[in-house]
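Here's a quick briefing to read alongside the structure. Have a look at it first, then use the points below as a guide.

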Amino acid sequence: MSGTWMTTRAWLLMLPLLVVMIAVIGWPLVDTVRLSFTDAKLVGTEGNFVGIDNFTKMLSGSNFQRTLVTTALFAIISVAAEMVIGVLAALLLNQEFRGRTALRALMILPWALPTVVNATLWRLIYNPEYGALNAALTQLGLIDAYRSWLGEPGTALAALIVADCWKNFPLVALIALAALQAVPREITAASLVDGAGPIARFRFVILPYLAGPLMVALVLRTIEAFKVFDIIWVMTRGGPANSTRTLSILVYQEAFSFQRAGSGASLALMVTLLVTVLAAGYAALVRKTVGSAA
């Protein structure tokens, strides 16, 4: 009786939160599913039931396929670079030297900046008329004339990846740095006595302690990279010639720019399903990694 009352009271205490979640998340999700099977416009008519036509058109269309490739390239390259740079930064900041505390605090700054501020900063750096990058490369003799890094399809995506890495590598570094604090100094000292080099020491002594936390960082950053919208929208709006258009931007354009609420809803559901599959796969991988480490 006591246990039943405790369970009932727990649900009663959670009831306001459940109501808010249903109102904020549940109803919009249900309405999105409903819209995805219609040809509804953003304003005006409710639209007619069209079945899975929106999904088949999106999946078979060149826009979706090209955008999916762009999103995958952005996510894979940016996350891989952030993981490598983050781990290297953590290893550096784990050493003892003067000014380490100040350097750790400075490292957090890019991650702490709002994404819009970060994107605006990099737009100024890449500016084709007075950007700092063009000025530096010209003075070093690496380029002959100023270039529009965000205005050329061949360089725009790479420029965005650099900006995203600068913004997010501190998160990986902080997670790795926290994990490095758990490495017993006795084991590290013993490996030095045994003559282990830096690479062997990292692989066999340090990496087992980093595996679990780094997998969590990998999950978080991959999901965020696949959903990326703000930094690309501020810097290029998906251009030039749609060379930096990601899935989230395509959803926005379908639903709001072109006012095709039905196809925009179907695309949003496909993106949600893709991110959910990625999250589930990574979660299984995290459990496996943490379990083997334990």
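A residue counts as exposed when its relative accessible area is over 50%, as buried when that value is under 20%, and as partly exposed in between. F204 has a relative accessible area of 59%, so this residue lands in the exposed class. Keep in mind that this is a predicted model. With that in hand, here's the tour.

**Spans from the UniProt record**

- The unreviewed UniProt entry lists "transmembrane region" for residues 12–30, 68–93, 105–125, 156–183, 204–223 and 265–285.
- In the model, residues 68–93 are 100% helix and 0% strand, with the end C-alpha atoms 37 Å apart.
- Residues 105–125 come out at 90% helix and 0% strand, and here the end C-alpha atoms lie 23 Å apart.

**F204 and its surroundings**

- F204 sits in helix α9, which runs over residues 198–226.
- S191 is 13 residues from F204 in sequence, and the two C-alpha atoms are 9.3 Å apart in space.

**The two sides of α2**

- Helix α2 covers residues 53–60, and its buried residues include N54, F55 and M58.
- These residues share a side of α2, because they cover an arc of only 95° around the axis.
- K57 and S60 are exposed, and they sit on the face of α2 turned away from the buried side.
- As a reminder, an α-helix has 3.6 residues a turn, so residues three or four places apart point the same way.

**Salt bridges**

- The structure holds 6 salt bridges; a few are worth a closer look.
- Which residue meets R34 in a salt bridge? That's D31, at 2.9 Å from N to O.
- R34 and D31 are 3 residues apart in helix α1 (residues 2–36), so about one helical turn separates them.
- Both ends of that bridge are partly exposed: R34 has a relative accessible area of 41%, and D31 has 23%.
- R221 and E82 also meet through their side chains in a salt bridge, 2.7 Å from N to O.
- R221 belongs to helix α9 and E82 to helix α3 (residues 62–93), so this bridge ties together parts that are 139 residues apart in sequence.
- Are R221 and E82 buried or exposed? R221 is buried at 6% relative accessibility, and E82 is buried at 0%.
- E82 and R221 don't stand alone: together with D164 they are linked in a network of salt bridges.
- R147 forms a salt bridge with E152, and their closest N and O atoms are 2.6 Å apart.
- R147 is partly exposed at 30% relative accessible area, as is E152 at 25%.

**Aromatic pairs**

- The count of aromatic pairs comes to 8.
- The ring centres of W122 and Y126 are 5.4 Å apart and the planes meet at 40°, so this pair is tilted.
- W122 is buried at 12% relative accessibility, and Y126 is buried at 6%.
- F229 and W233 make a stacked pair, with 5.5 Å between centres and 15° between the planes.
- F229 is partly exposed, at 25% relative accessible area, whereas W233 is buried at 18%.
- F229 and W233 also belong to a cluster linked by ring pairs, along with Y252 and F256.

**Nonpolar cores**

- How many residues does the largest nonpolar core have? It has 23, and M83, M107, L180, L210 and L214 are those with the most contacts inside it.
- Helices α3, α7 (153–180) and α9 are the elements that give two or more residues to this core.
- Setting aside neighbours within four places in sequence, M83 is in contact with V172, L214, A217 and L218.
- Another core, of 20 residues, lies apart from the largest one; among its members are A119, W149, A159 and I232.

**Where α3 and α9 come together**

- Two of the topics above share α3 and α9: the R221–E82 salt bridge joins these helices, and both give two or more residues to the largest nonpolar core.

Note on methods
Residues are numbered from 1 along each chain as its sequence is written. This is a predicted model: local features need pLDDT of at least 70, side-chain atom pairs count only at pLDDT 80 or more; totals for chains, interfaces and linings use all residues. Side-chain values use heavy atoms; hydrogens and water are left out. Buried means under 20% relative accessible area, exposed over 50%, partly exposed in between (1.4 Å probe, protein chains only). Helices (H or I, at least four residues) and strands (E, at least two) are DSSP runs, numbered from the N terminus. The arc is that of the directions from the helix axis to the C-beta atoms. UniProt positions are given in the numbering used here, feature names are shortened, and annotations may be inferred rather than shown by experiment. Rings of Phe, Tyr and Trp (its six-membered ring) pair if their centres lie within 6.5 Å; planes under 30 degrees apart count as stacked, over 60 as edge-to-face and the rest as tilted. A salt bridge is a side-chain nitrogen of Lys or Arg within 4 Å of a carboxyl oxygen of Asp or Glu. A nonpolar core is a set of buried Ala, Val, Leu, Ile, Met, Phe, Trp, Tyr and Cys residues joined through side-chain atoms within 4.5 Å. Contact means heavy atoms within 4.5 Å.
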